[in-house]
Amino acid sequence: MKRKPPGRTSMALTADLVARVDRVEPDPGPEPGTSEHTEAEFDGLVERLLSYHRPETLWVFAYGSLIWNPEFVHVEQRPATAPGWHRSFCLKLTRWRGTRDLPALMLALDRGGSCNGIVYRLPAEDHFGQLGLLMRREIDANPPTNVPCWIKVRTKDGPLRAVAFVAAPNGRAYAGRLPPEQVAYTLARAAGHWGSSAQYLFRTVSKLEESGIRDRNLWRIQDLVAQQIIASTGSAHPV
């Protein structure tokens, strides 16, 4: 695991700043042209994934919200690096943490670079059921843009093959590689029925820092989001 680079150690984006823009919006439901997955369709996604690889030991690579809110039982976790992938706000969402009028941006793995994260080992029993729960948590729109696949990751104990959710470049929600300033502008303003995009960013960067992971791109974005919130709501330390 790479050590944090020298420089400022405290985040510019704070819980107080996030609270200024945090809100809950009504759920608009699936975007026109998409639908909810049926139970049979979720099962089909699991069957397709296991048709490519059926592991004896099931590992899941986490790079975003799965680090601070995994929502699954795991029996081990390790720092891990996914070569050939990087953490990117490349998914545009019109629900969850955004709306039709003000879409959100969410993290996915996109091609290129490398990504430091955490790999979780799940219990040995019922891999089908555990993967099904994971699909239902991570995938919303049908057809999906955030798709499951097997990737290779490196750990201090050797290489592993793990499930990860990556961006499909041909998916309708794929936003591509956006400038940090545009990402920050969106994250400082968007919110949905799961809360604000600023809250999502704050929780992700905080947990990465707690885990000893400094993502330079996210570190810059959190600083820009803090500046955006201060500019729109007032000074950082109101009297």
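Which residues does cysteine 149 touch, not counting residues up to four places away in sequence? In this predicted model, cysteine 149 touches Leu49, Ala162, Val163, Ala164 and Val166. Cysteine 149 is part of strand β4. Its C-alpha atom is 6.4 Å from that of phenylalanine 165, a residue 16 positions apart from it in sequence.

## Overall architecture

The chain contains 7 helices and 7 strands. Along the sequence these elements follow the order α-α-β-α-β-β-α-β-β-α-β-β-α-α. The radius of gyration is 18 Å, close to the 18 Å that the globule rule gives for 239 residues, so the chain is as compact as a globular protein of that length. Along the principal axes, the C-alpha atoms fill a box of roughly 60 × 45 × 30 Å.

Of the 239 residues in the chain, 51% are buried. Among contacts with a separation of 6 or more, 81% are made by residues 24 or more positions apart. The chain exposes about 11900 Å², and carbon and sulfur atoms supply 52% of that area. As for charge, there are 30 positive and 25 negative side chains. The centres of these two sets lie 8 Å apart.

## Helix α5 and its packing

Helix α5 spans residues 180-187, and its buried residues are Pro180, Val183, Ala184, Thr186 and Leu187. These residues lie on the same side of α5, because they cover an arc of only 160 degrees around the axis. An α-helix has 3.6 residues a turn, so residues three or four places apart point the same way. The partners of the buried residues of α5 are two strands and two helices: β2 (76-93), β3 (104-121), α6 (197-210) and α7 (216-233).

## Helix α4 and the loop that follows

Glutamate 138 belongs to helix α4, which covers residues 127-138. Is glutamate 138 buried or exposed? Its relative accessible area is 15%, so glutamate 138 counts as buried, the cut-off being under 20%. Leaving aside neighbours within four places in sequence, glutamate 138 is in contact with Ser65, Leu66, Asn146 and Phe165.

The loop between α4 and β4 (146-155) contains proline 143. The peptide bond from asparagine 142 to proline 143 is cis, with omega near 10 degrees.

Asparagine 142 also appears among the contacts of histidine 37. Histidine 37 is located in the loop between α1 (15-21) and α2 (39-52), and it is buried, with a relative accessible area of 10%. Not counting residues up to four places away in sequence, histidine 37 touches Phe42, Leu45, Ile139, Asp140, Ala141, Asn142 and Pro144.

## Backbone exceptions

Most residues other than glycine have a negative phi, and most peptide bonds are trans. Glutamate 71 is not a glycine, yet it has a positive phi of about 60 degrees. This residue sits in the loop between α3 (65-68) and β2. Glutamate 71 is exposed, with a relative accessible area of 57%. Aspartate 126, likewise a residue other than glycine, has a positive phi near 50 degrees. Its location is the loop between β3 and α4.

## Alanine 62 and tyrosine 52

Alanine 62 is found in strand β1, residues 59-62. At 0% relative accessibility, alanine 62 counts as buried. Its contacts, not counting residues up to four places away in sequence, are Ile67, Gly117, Ile118 and Tyr120. The C-alpha atoms of alanine 62 and arginine 23 are separated by 26 Å, the two residues being 39 positions apart along the chain.

Tyrosine 52 lies in helix α2 and counts as exposed, at 62% relative accessibility. From tyrosine 52 to glutamate 41 the C-alpha separation is 17 Å, with their positions 11 residues apart in sequence numbering.

The table collects relative accessible areas for residues discussed above.

| Residue | Relative accessible area | Class |
|---|---|---|
| Histidine 37 | 10% | buried |
| Tyrosine 52 | 62% | exposed |
| Alanine 62 | 0% | buried |
| Glutamate 71 | 57% | exposed |
| Glutamate 138 | 15% | buried |

Technical notes:
Residues are numbered from 1 along each chain as its sequence is written. This is a predicted model: local features need pLDDT of at least 70, side-chain atom pairs count only at pLDDT 80 or more; totals for chains, interfaces and linings use all residues. Side-chain values use heavy atoms; hydrogens and water are left out. Buried means under 20% relative accessible area, exposed over 50%, partly exposed in between (1.4 Å probe, protein chains only). Helices (H or I, at least four residues) and strands (E, at least two) are DSSP runs, numbered from the N terminus. The arc is that of the directions from the helix axis to the C-beta atoms. Contact means heavy atoms within 4.5 Å. The radius of gyration is taken over C-alpha atoms; the globule rule is 2.2 Å times the number of residues to the power 0.38. Accessible areas come from the Shrake-Rupley method with a 1.4 Å probe; for residues, only the protein chains shown count as cover. Lys and Arg count as positive and Asp and Glu as negative; His and the chain ends are not counted. The place of a charge is taken as NZ of Lys, CZ of Arg, CG of Asp or CD of Glu.
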